[in-house]
Amino acid sequence: MIKLQKATQKGLHGELLVPGDKSISHRALMFGAIAEGKTEIKNFLTSADVLHTMGVFKSLGVDIDYNDERVLVNGRGLGHFNQPNQALDMGNSGTSTRLLMGLLSRQPFDLAIFGDASLSKRPLNRVSEPLKQMGAKFELSQDNYLPGVIQANNTLHGITYQMPVASAQVKSAILLAGMQAEGETTVIETIKSRDHTERMLQQFGGHIQIDGNQITVTQQERLLGQQVLVPSDISSAAFFIVAALITPHSEITLKNVGVNPTRIGVLTLLERMGAIIEIHQHDTIGEPIADITVRSQDLQGINITAADIPSAVDELPILALAATQASGDTVISGAEELRVKETDRIATVVTELKKLGANIEETSDGMIIHGGTPLQTKVSATVNSHGDHRIGMMLAVAGLITAGDVTLQDELAMAVSYPEFLSDLKQVIS
Ligand SMILES: O=C(O)C1=C[C@@H](OP(=O)(O)O)[C@@H](O)[C@H](O)C1
Ligand SMILES: C=C(OP(=O)(O)O)C(=O)O
């Protein structure tokens, strides 16, 4: 439990390099492990979720060496893992679980998998169903949840799969299995989700065909170890971008942020709300990177609909906070996916922001935020992350501008994606 810091009259200032991208760090370990030769990863995120992916590969016999400068993965090639002598711990990480169910769906031995209480409530049939159509075998609690077993299996075959839900985890699981399957595997998306798996497969020398929202892979002969530079995580930068926008007299620059077009929904939505965001893009290979500068600014409410959600899915809690300070209403719809994240993020955002005086209502697929309400507590308020890192960080940003004392419970959840968040926040408070 901690007492949240407030912004001063001078606002928030400074330059920050937020940690490496979580989605890309998971994938760099995965591709490094199945490639031949060494993969060196720089600006790797050492947060709890990614360390669970690393732990899984160590249990599977992959030699991984890491220090503050870099991670070195000694790849074993596809299908050359050792049988682990314990169940694989996925912690709190949906990305580890779902991507590894695809990557490990063709192994000569059973793999028991488990996760924490939150992860054990998150649906897995969205990946197990298409993977079973490819020949994979799973035993899951109530056919849908952890704990479970990825059963021994030596053949996979390609499928064509029209995605019923916009999810990069589902798409990636199918592609990672498709790389080990006979024939072609095609995934068709209605709304494009983050494409880090596709980009990294290309970087590691794999074959992939991308035609609009249709992605096809075939069995990969061999992938070769690479140098991977992980951009700073836009999902982490988003907390500082909104903090600067809603705290008077602020100006913050975020360095080397990943601005992959499938991830920048938070920037385009804030721009629709009236924010002026300076984006200075650098030349890079693989993933685009930019320095982002933002100053405090008046915002207006907007409508956020289903087509906007995939590229901003993890940023909706912090966007909801921005909307409490905008003039007019913000209506978020088509966001039912938020109900199956680390918490039901529609319910937790609404419950916790109400404690700080926000005028916000829950709907079945989103929320309505009546903006322009100053955040304040009568005397003091205690808010709770509910064990969800993004809810904890959003509340810490809300605390900056809330009149009255705010205490945050379960702040340690932030370590899932951003262990140094509170000290970085302290650094920009003038
Ligand atoms: O593929 C990924 O790395 C992720 C995909 C998203 O999940 P869904 O695929 O469930 O939308 C996102 O919420 C998660 O934080 C990371
Ligand atoms: C939803 C998230 O992650 P995951 O699905 O990997 O647990 C997140 O980081 O907000």
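The shell around ligand 1 draws at least three residues from each of domain 1 (2-20 + 231-428) and domain 2 (23-215). The model is predicted. The shell around ligand 2 also takes residues from both domain 1 and domain 2, so ligand 2 lies between them. This briefing covers the two ligand shells, the annotated region and one open sheet.

**Ligand 1**

- The residues around ligand 1 are S23, T95, S167, A168, Q169, S172, R194, V313, D314 and E337.
- Helix α5, spanning residues 168-178, supplies the largest share of this shell, with three residues.
- By class, the shell around ligand 1 holds five polar, three charged and two nonpolar residues.

**Ligand 2**

- Around ligand 2 stand K22, D49, S93, G94, T95, D314, K341, E342, R390 and S417.
- Six residues of the ligand 2 shell are charged and four are polar, and no nonpolar residue is present.
- T95 and D314 are listed around ligand 2, and T95 and D314 also appear in the list for ligand 1.
- Domain 1 (2-20 + 231-428) and domain 2 (23-215) each give residues to the ligand 2 shell, which therefore places ligand 2 between the two domains.

**Annotated region**

- An unreviewed UniProt entry places the feature "domain: Enolpyruvate transferase" at residues 9-425.
- Over residues 9-425, helix accounts for 29% of the chain and strand for 26%.
- The end C-alpha atoms of the 9-425 region are 16 Å apart.

**Open sheet β1-β23-β22**

- Three strands make up an open sheet with mixed pairing, in the order β1-β23-β22.
- The edge positions belong to β1 (2-3) and β22; each has a single partner strand, so one side of each is left without a neighbour in the sheet.
- Strands β1 and β23 are antiparallel and pair over two bridges.
- I2 has L408 in β23 as its bridge partner.
- Strand β22 (residues 376-384) runs parallel to strand β23 (residues 403-409), and six bridges join the two.
- Opposite S380 stands D405, a residue of β23.
- Helix α11 (residues 389-400) forms a right-handed β-α-β unit together with β22 and β23.
- R390, one of the residues around ligand 2, falls within the range of helix α11, residues 389-400.

Technical notes. Residues are numbered from 1 along each chain as its sequence is written. Chains are lettered from A and ligands numbered from 1 in the order in which they are written. This is a predicted model: local features need pLDDT of at least 70, side-chain atom pairs count only at pLDDT 80 or more; totals for chains, interfaces and linings use all residues. A residue is near a molecule or strand if its C-beta atom, placed from the backbone, lies within 6 Å of it. Ala, Val, Leu, Ile, Met, Phe, Trp, Tyr, Cys and Pro count as nonpolar, Asp, Glu, Lys and Arg as charged, and the others, Gly among them, as polar. Domain bounds come from an automatic or database domain assignment. Two strands pair if DSSP finds at least two bridges between them. Helices (H or I, at least four residues) and strands (E, at least two) are DSSP runs, numbered from the N terminus. A crossover is right-handed if, with the strands pointing away from the viewer, the path from the first strand over the helix to the second runs clockwise. UniProt positions are given in the numbering used here, feature names are shortened, and annotations may be inferred rather than shown by experiment.
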